[in-house]
Amino acid sequence: MSEVIWGLATSHVPSIGAAMDRGMTADPVWAPLFEGYRPAREWLAEHTPDVAILVYNDHANGVDLDVVPTFAIGTAERYRVADEGFGRRPVPDVVGDPEFSFHLLQNLMDEGFDLTVFSELDVDHGFTVPLSVWTPEPGDAWPCPVIPIMVNVIRYPQPTAARCYALGQALGRAIAGYGGARTVGILGTGGMSHQLAGARAGFINPTFDHMFLDAIEKEPQKLAALSREDYIRQAGSEGIELIMWLVMRGAMNAEVRKVHSAYHVPASNTAAGLALFDNRTTRPS
Amino acid sequence: MSSQSRPDLPGTYVFDGPTSLRGHNMNKLFMSLRTENARTQFRADEAGYCRAFGLSEAQTSAVLGRDWQSMLDLGGSIFYIYKLAMMDGLSMQYLGGVFTGMSEADFKAAMLAGGRTDV
């Protein structure tokens, strides 16, 4: 049996990665954001899982608009870091875990989640920035193998928040059913409120974001009940990325213990949020 | 709800099916600009490059004139449009300024002050 030991939700703003890559984390504009990450990073450094699952979205780097999978899983042995146009981030490629991917795929299919399969996938900032939030100095390799689960949040209609939460719940059951006594970390990424285009560009909604940070811990069903329109109106057209946090939360126990959370405006055009939960407070039924 | 039903929110683009269809060729062009080779070709003959990707006249004018707002109106996705902006050395905050009628400096200042909470 495998066990989810923690869940980490974090924004994936590209400039967070750029600030780290360029050694700007102590600059006055960036220091408060990275100071907010510190307690989570310290805790995570002492709780390295055997494998992690990272729920993310691509931004026109690993896939384009020819094919837009609603939900997809990577089954590769390695995932290259994408060159988004001007050289790849100076971070390690990602080592996968094909055997575990195949197990998750089979179990999720059997539960009615018809995932697209990536045998090859370049991962962009949507993937590598959350890894950097977790592990700022990975050296030659990330702390453990990581399996990508991709969610379409760019092309309307995105999956509903309820469907993302249900996928997470099925994922939790699939993880629990994997033999080999392994520990698993799960990351939900994206958000929080932001909007890049249109007259409402620059929109930030701290009231919604704080509600979300509280409810993702205690009342995820409330967030799963919100419609696409609710997310786009209240969190901005790109804030709908927050539905990916619900995949993470669904894979965790009904009760989790918050280790740390942080909220900072702005990271570029975005409200950056982080929430880390210990999943070992109760046992799965 | 009809199959085309989508949120209609002022000042907000929703990249739905019809929009994606309208902007497909233009977004493909933007996607291609990830490689230096393609950027060199594009710079050498922008109009010809637009023709090769099958852009409409209006889309071609928007690209050649760097009319970022029109690119959105003609089916561009911001994540794809941004690849052209990056090639030009422009930031997402510059684009935010264009979309909201602000200078880049004013847009940045608005974000640093906590973002635009009243829109």
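Here is a short conversation about helix packing, chain contact and domains in a predicted model.

Reader: Happy to start with the helices. What makes α1(B) and α6(B) oblique to each other?

Author: The angle decides that. The axes of α1 (residues 17-32) and α6 (residues 78-87) of chain B cross at roughly 45 degrees. Angles under 35 degrees count as roughly parallel, and 65 to 115 as roughly perpendicular. The crossing of α1(B) and α6(B) fits neither class, and the pair is therefore oblique.

Reader: How do you know which hand the crossing of α1(B) and α6(B) has?

Author: A crossing is left-handed if the near helix is turned anticlockwise from the far one by less than a right angle. α1(B) passes α6(B) in just that left-handed way, and their axes come within 8 Å.

Reader: Which residues make the contact between α1(B) and α6(B)?

Author: From α1(B) come Asn27(B), Phe30(B) and Met31(B), while α6(B) brings Tyr80(B), Ile81(B), Lys83(B) and Leu84(B). To count as in contact, two residues need C-beta atoms, placed from the backbone, within 7 Å.

Reader: What are the classes of the residues in that contact of α1(B) with α6(B)?

Author: There are 5 nonpolar, 1 polar and 1 charged residues. Tyr is placed with the nonpolar class and Lys with the charged one.

Reader: Let's turn to the two chains. How many residues does each chain give to the contact?

Author: Chain A gives 33 residues and chain B gives 36 residues. On the side of chain A that touches chain B, α8 (228-235) and β10 (257-267) are the elements that give two or more residues. The most comes from α8(A), with 4 residues. By class, that side of chain A has 16 nonpolar, 9 polar and 8 charged residues.

Reader: Where does UniProt place a domain feature on chain B?

Author: The record, an unreviewed entry, puts "domain: Extradiol ring-cleavage dioxygenase LigAB LigA subunit" at residues 26-111 of chain B. In the model, that span is 74% helix and 0% strand, and its end C-alpha atoms lie 30 Å apart.

Reader: And into which domains is chain B divided?

Author: The division gives domain 1 (17-88) and domain 2 (89-119). Their centres, taken over C-alpha atoms, are separated by 23 Å.

Reader: How many residues of each domain of chain B are in contact with the other?

Author: 5 residues of domain 1 of chain B meet 6 residues of domain 2 of chain B. On the domain 1 side, α5 (68-73) and α6 of chain B are the elements that give two or more residues. That side has 3 nonpolar, 1 polar and 1 charged residues.

Methods: Residues numbered from 1 in each chain as written. Chains lettered and ligands numbered in written order. Predicted model: local features only at pLDDT ≥ 70, side-chain atom pairs only at ≥ 80, totals over all residues. Axes fitted to C-alpha atoms, helices over the stretch in contact; angles between N-to-C directions. Parallel < 35°, antiparallel > 145°, perpendicular 65-115°, else oblique. UniProt positions renumbered as here; feature names shortened; annotations may be inferred. Domains from an automatic or database assignment.
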